[in-house]
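Here's a quick briefing to read with the model open beside you. Start at one residue, then work outwards.

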Amino acid sequence: MRIVPTNRHLLISAPEAETTEEKEVSSGLAGFVMPDGVTVESDQYLVVRVEDIAQDCSIPVNKGDSVIIPSNMVVDVTTKNCGVKMVQENYVLGVLYSA
């Protein structure tokens with residue numbers, strides 16, 4: 001099954017989030033325990049690869065380009081048969097080009 005992005009979305013391949021075995025996160029004197037299945041993103045921004053682009057996107061990006069996005073704007077779309085990651089085009093902060 002193939003998912004085609006629409007409504008100004010980009011289908012991306014994002015690096016896997018680093019997970020820690022420790023569930024306890026401390027901040028100063030206060031600490032809390034994260035529920036099972038919850039991961040904490042360590043990076044504010046991600047560099048991801050564009051796999052597909054909705055036809056109505058207006059930004060100058062092509063399949064295979066690397067773009068910079070906020071890590072909290074990645075949407076995980078999971079169906080019975082497949083799962084993909086998407087981001088809306090207005091969250092793309094920049095496109096990386098080799099010099």
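Ile68 lies in strand 5 (strands are DSSP runs of E, at least two residues, and helices are runs of H or I, at least four, all numbered from the N terminus). This is a predicted model, where local features need pLDDT of at least 70 and side-chain atom pairs count only at pLDDT 80 or more, while totals for chains, interfaces and linings use all residues. Residues are numbered from 1 along each chain as its sequence is written, and side-chain values use heavy atoms, with hydrogens and water left out.

**Ile68 and its surroundings**

- Ile68 counts as partly exposed because its relative accessibility is 26% (buried is under 20% relative accessible area, exposed is over 50%, and partly exposed is in between, with a 1.4 Å probe and protein chains only).
- Skipping residues up to four places away in sequence, Ile68 touches Tyr45, Leu46, Val47, Tyr91, Val92, Leu93, Gly94 and Leu96 (contact means heavy atoms within 4.5 Å).
- From Ile68 to Arg49 it's 19 residues in sequence and 9.1 Å in space, C-alpha to C-alpha.

**The chain as a whole**

- You'll find zero helices and eight strands here, so to speak a run of β-β-β-β-β-β-β-β from the N terminus on.- Of the chain's 99 residues, 27% count as buried.
- Take the contacts between residues at least 6 apart in sequence: 62% of them join residues at least 24 apart.
- The exposed area of the chain is about 7200 Å², with carbon and sulfur atoms supplying 50% of it (areas come from the Shrake-Rupley method with a 1.4 Å probe, and for residues only the protein chains shown count as cover).

**The sheet**

- Six strands make an open sheet in the order 6-7-1-4-5-8, with antiparallel pairing (two strands pair if DSSP finds at least two bridges between them).
- Strand 6 (75-78) and strand 8 (94-96) are at the edges with a single partner strand each, so one side of each has no neighbour in the sheet.
- From one strand to the next, the twist averages 50 degrees (axes are lines fitted to C-alpha atoms, for helices over the stretch in contact, and angles run from 0 to 180 degrees between N-to-C directions).
- Five bridges hold the antiparallel pairing of strand 4 and strand 5, and Leu46 has Ile69 in strand 5 as its bridge partner.

**The nonpolar cores**

- The largest nonpolar core has 14 residues, and Leu10, Ile12, Val48, Val67 and Ile69 touch the most other members (a nonpolar core is a set of buried Ala, Val, Leu, Ile, Met, Phe, Trp, Tyr and Cys residues joined through side-chain atoms within 4.5 Å).
- Strand 1 (9-13), strand 4 (45-53) and strand 5 (66-70) each put at least two residues into this core, and the largest share, three residues, comes from strand 4.
- Besides its neighbours within four places in sequence, Ile69 is in contact with Ile12, Gln44, Tyr45, Leu46, Val48, Val74, Val87, Tyr91 and Val92.
- Another core lies apart from the largest one; it has five residues, among them Ile3, Leu11, Cys82 and Val84.

**Strands 6 and 7**

- A hairpin of four linking residues takes the chain from strand 6 to strand 7.
- Strand 6 and strand 7 (residues 83-88) run antiparallel and are joined by four bridges, and the bridge partner of Val75 is Met86 in strand 7.
- Asp76 has its place in strand 6, and its side chain makes a polar contact of 2.7 Å with the side chain of Lys85 (a polar contact is a pair of N or O atoms within 3.5 Å; within protein, one must be able to donate a hydrogen and the other to accept it, and residues adjacent in sequence count only if both atoms are side-chain atoms).
- Leaving out residues up to four places away in sequence, Asp76 touches Val84 and Lys85.
- Asp76 and Val87 are eleven residues apart along the chain, and their C-alpha atoms are separated by 9.0 Å.

**Glu89 and the segment before strand 1**

- Is Glu89, in the loop between strand 7 and strand 8, buried or exposed? Glu89 counts as buried because its relative accessibility is 5%.
- A polar atom of the Glu89 side chain lies 3.3 Å from the backbone nitrogen of Ile59.
- Not counting neighbours within four places in sequence, Glu89 is in contact with Arg8, Asp56, Cys57, Ser58 and Ile59.
- Arg8 lies in the segment before strand 1 and counts as partly exposed, because its relative accessibility is 31%.
- Phi of Arg8 is near 65 degrees, a positive value in a residue other than glycine.
- Asn7 also lies in the segment before strand 1, and its phi is positive too, near 55 degrees.
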